[in-house]
Each structure stands twice: as structure tokens, then as C-alpha cells.
Amino acid sequence: MWVFFPASQTLQPPSSFPAHFNYSTRNYQKLPIRFLALKPSVSTTKGIGDKNKLIQYLCKQGNLKEALKLLPHEPNPTQLTYELLILSCIRHDSLSDGLVVNRHLVDDGLDQDPFLATKLISMYSELDSIDDARKVFDKTTKRTIYVWNAIFRALTLAGHGIEVFDLYRQMNRFGIPSDRFTYTFVLKACVASECSVSLLQKGKEIHAHILRHGFEACVHAMTTLVDVYARFGCVSYASSVFGEMPTRNVVSWSAMIACFAKNERPFEALELFREMIAETDDSFPNSVTMISALQACGALVALEQGKLIHGFILRRGLDSILPVMSALLTMYARCGKLKLGQRVFHQMDKRDVVSWNSLISSYGIHGYGKKAIQVFKDMISHGVSPNHISFISVLGACSHAGLVLEGKMLFDSMVSEHRMYPSMEHYACLVDLLGRANQLDEAAKVIEDMRIEPGPKVWGALLGSCRIHCNVELAERACKRLFELEPRNAGNYVLLADIYAEAEMWDEVKRVKQLLEARKLQKVPGCSWIEVRKKVYSFMCVDEFNPQSEQAHALLVKLSTEMKDKGYVPQTHIVLYDLEEEEKERVLLGHSEKLAVAFGLINTKHSDTIRISKNLRLCEDCHSVTKFISKFANREIVVRDVNRFHHFQDGVCSCGDYW
DNA sequence: ATAGGGTTAG
């Protein structure tokens, strides 16, 4: 079924022009030879009557300066002349020349030409001058659908979503019908907005328009719709649109797979990926599809499937594509195979900042803080400048490894050495770094002294640290702000309740739980995955649907009795309910990662490493149980929680109980 | 003449 393509056959993008530049040479090739033979100097041009053609020629030669010198001497420039001048301004990335061309165009009375208006709008859009684009649009009275589409596209690219909808309303009022291009631009405007108002409702309205006007078979419009719903996190809307598409292509499939991968549904992402391979002949996965699939493998710790995809990548010659290789490296690292990730990195013949960042965070999640810092420095000495994610990665690595001093120095170097101002995310990393290391007061002080208004991520980092070190007073302070900033985030309530429970403040636990119920919020259920023989099995906390978990649960009960004889003490204080001890122990045994571990013990060979991933942070009890099991069952167990890796072997965890 | 999906993070 797999077709072999050598690497040399893969298409490379043209190097000299920006990707958006329309470098069609259609007209160029039609030029008579005598013009091509002309030298583009002003002295030769004087004898030529047809200056129009000469200006056009100069534009195609990339000699915009000379062309602009000639322009005032040409009494009747044609549409084509101006089109080429405009394209040339884009190619030279010169707004000032663009404005000159625009002025001449107005003087020559061509400003009502809708074709040229379209070109001008897209020129200003490319040159990042949305105000000029808008001026052209406002002055154009003959607005063809091209003109409308151009302004929609320009506004969307500039992030002015709201303006798009004002104009779109006008267009509808004028009775101008949308075409398939209009829908894609206007849909994208829903997610391209600088304002915080949710434009999901707008997206749904346009969805209705599309169906009402018979565009449900337009692959582009429907694919955009899938993507827009995905970006709003509306996975079920996205998948129902996808499901009803009469025809799909590789982009539609990729959009849907990416939707699952990006919205914490990696299981479905891989399922769809498999379906894509099995059911479609003409839309086989390409590099973009592979990247999303790799992301899903990483999220699930599905190493076997990840290796399979690595094979596809090699066979299809996609191994020279940087983003693919970075995704591959990340997949291996996230599956606990740091060495394989390193190997991918070293085999890359070119590396960009993303490749370096991937390696930095790979060391980070494995707890190798010093190594991550070293790679960060190597990156700089190789002439690659760190970006904001490089700092998040390296600060995160310091945090996992408890490298407080080093982390603080790196944070300070952002401004002093790299002239980058820390964003909310960077402050959150710093707070996490200090808080995790039990320097909670200093963490709180960082928040006080921030030069931007502290947002939920920063307060959330503080709250997380309060959970680890059981600091009720500071937690309450963080929650006061968090409940204002993000009242719908159930996780904050749960953390606070956890802290109260640990402090045995049962009345407060009850109060927080009532708050959760009153606001109709639900805590995210704990969920763990394990891959056995290339199939991924998922376990939910208190899982009634999975027949496998009954067997796993029985094994756990047996193990826990044995472990108790050998010194295991159930960490019942973390149970949020005020129950009898025995009941609490039962609750603890129902945790999804324990079920997954037990399932792994039953269904894999003794020599196999058990690999598990979990959607939440690993709880203390599961951590100590897994340590016990690794010793008594003599098994290597790797668990990846939301934050990092835990390699359990012989009763010890690689995190050194610091996580 | 204009269009759709992707990489690194806590």
C-alpha cells in the first residue's frame, strides 16, 4: 500500500520570493524577444514609443526604480502596466513606492477600475498597511465580488475581525451574493480578531449561510469551517461538519485530525489517521497530516504507532522537512525515548529555532535541567537566536529540576542580553520555578512587581505551588483573583478543595464543592492511556465501561494488600471526601493510572516497559504505588503526566519525588 | 485575479 518516493522528488518552495507572492510568468513569456533583449537603461528607452511595454518589462526585471522614473512620461498607462507595478512594489516590500504608484493611478483616472482596486487592496495588505487598503476600498464605487473578497482577506489578515462583519452585513444588504471565496475569508475572520468577544456565534451564522446558499459541497469552505470550530474548541461541531462533507481531500482530513490533536482528543486523532489511510486512495497523508498524527502519538505515549509514522516519513521522503523532524523528535521525547529524540536531532542537516526548542523541552520534561540549559547556550553559539518559546522551555526545564538560581538568571537575561520583554507566560514560569521550590513568598512578590497585569496563568502557577506545599493562606489569595478572572475553570476550585482537604478543613472543602455545583462546573475526570500491541487503551477514573478494568482492579486490590505488608501506606489525605479510611483507600485504587499500570502488568511481557500517559498531574498516592510496583513486580514503568516524565525503576522515580 | 490543514511551551 505504501508508495516509495525518493527525497529528491519532494517539491521545494521557490527561494527568492515570499510564499504569498504571485510569481506567475504568464505575461512575461509572451513578451516579444526584442524587448527581452533590450537593456533596461533610460538612454535606450527614449527612442521607444511604447513606454507602456518598457515599464512592464522593467517591472518584470525587478527594476522598479527605473520603471517609476518612466511612469510620469507615459501618457496612457494600461491596466497591465499598473498591475505589474503593484506586484513589483509587493516584491520590493516597499510601501512608499506603492503609495507613489497609487497616486499616479488616481491621476490617470484608473482608480475606479475594480480590477486594479483589488490589486491595490491586496498590495496594501501584503505591505501591512490595512488603513490604506481600507481607503482604497472606501473610494471604490464599482465593488465587484473580487473587491469585497480582497478587503475581507486584508482585514482578516490584519486581525480586524469585527470590521469584516460590519462590511459583510453591508454587502448582504446590497444584495451582493457571496461566493466560495467570500465564505472562507469571512469564516477566518471569526478567529482572527483582536477583541476578546467570542465570534463563535458569527461562525455558526456563516455556517447557516453556507448551507442555505448551496455551498455545502465546497471543500474549501467546509474545511475552513472544520478549522474554525476546532479553534473554538467545538470538537463535536467540527466532526459533524467533517462527517457531512460529500467530498474530502487531504486538507480536510488533516484539519479534522489536527482538531482532535489540538483539543485533547489524541485518541480520536489517531483513529481518524488510521481511517484516512484505510479509506482514501487519492488523499494520502502528507507532511502536515503526519505532524498532527505525531502530536497525537506523543500525547498518548503511543510509541509503536509513532515508529510506524516515522517509517512513512522516511518512505515518503518527508525527512528533509524541518517541522516534520521537530514533531518527530518531540514525539520520541514525549514517549520517554529521549535517546531516539536526540538521534533525530543530530541527524537533521538543518536546524531552526523550533528544532532547538524541541530538544530543550525534551531534556526539560525528563528532568535534565542542566542539559537543557547547555542546549540553550549551544543554540545561541550556533547563531540561532532564542525566541519566546525557547525561554519558556528552558525556564520550564529549570523548574522541573529545581534549578532556581539558574532560572532566575536566565529570566533576567531575557531583557539584559536578548532585549525581549517577558510575557505573561514567562512570568508564570518564574512563579512556578520559585513556588515549586517552596519559595512561595518570593513567588508572590514576583506577581506583585510584574510590569504587566497578572493574568490567570500566573495566579494558576502560584496556586499549583500552594497545592504542592499546602499553603492555605496564599492559595486563598490566588483563588480570589482566579475566581474573578476565570470563573468557569473547574481546575482552580478542585485545587483549592485539595488544599483544604489536605489541611483537613472539611467545611471549606464542602463550600468549594457547593460552589462548583452551583456554577454547574465539573472537574475534568482523570484519564490514563496505555499502548499494548499497537493499540491504545484508555482508562477513566471509576471506569464502568471498560471490561478490562475489572480484571485490573482485582489485581490492584491483591497488590495493595501485599504492598501494605511491605510498608506501603495509602495517602488517604488526598481524597477529597470526608469518608472512612477504608472507603478512601477504595477511591484511591480507582485512579486511572493505577488501572492502566495493572492492565499493563497483565497484558505485557515481563521484559516490556510499561508506558502510560495521564491527562492530569500524577497524584502522590499513585506515585508511591508505582514506585512499589516497579520494585516488587520488577518492571520498568514510565508515566508521563501533564507536566513531565516519571521513570520508575527498582522502587525509585527519576523525578526524585520533586514534581 | 482571491481559498482550506501543520512544528516548539507551562
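Here is a short chat about a predicted model of a protein with DNA strand B.

Reader: What makes asparagine 357 a polar contact of DNA strand B?

Author: A polar side-chain atom of asparagine 357 sits 2.6 Å from a base oxygen of the strand. The cut-off for a pair of N or O atoms is 3.5 Å, so this pair counts as a polar contact.

Reader: How do you know that asparagine 149 and asparagine 286 belong in that group too?

Author: Same test, one by one. For asparagine 149, a side-chain N or O atom is 3.2 Å from a base oxygen of DNA strand B. For asparagine 286, the partner is a base nitrogen, at 2.8 Å. Both values fall within 3.5 Å, so both pairs qualify.

Reader: Which residues come nearest to DNA strand B, and which helix gives the largest share of the surface near it?

Author: Out of 46 residues around the strand, Asn249, Ser254, Lys262, Asn357 and Glu425 come nearest. Helix α16, residues 250–262, gives the largest share, with seven residues. By class, that surface has 16 nonpolar, 19 polar and 11 charged residues.

Reader: Now the sheet: how do you know that β1 and β2 are paired?

Author: Pairing takes at least two bridges. Six bridges join β1 (residues 527–532) to β2, so the two strands pair, and they run antiparallel. Cysteine 527, for one, has methionine 540 in β2 as its bridge partner.

Reader: Why are β2 and β6 said to stand at the edges?

Author: The open sheet runs in the order β2-β1-β3-β4-β5-β6. β2 (535–540) and β6 (652–653) each have a single partner strand, so one side of each has no neighbour in the sheet.

Conventions. Residues numbered from 1 in each chain as written. Chains lettered and ligands numbered in written order. Predicted model: local features only at pLDDT ≥ 70, side-chain atom pairs only at ≥ 80, totals over all residues. Heavy atoms only, no water. Near = heavy atom within 4 Å. Polar contact = N/O pair within 3.5 Å; in protein donor to acceptor, adjacent residues only side chain to side chain. Helix = DSSP H or I, 4+ residues; strand = E, 2+ residues; numbered from the N terminus. Nonpolar A, V, L, I, M, F, W, Y, C, P; charged D, E, K, R; others polar.
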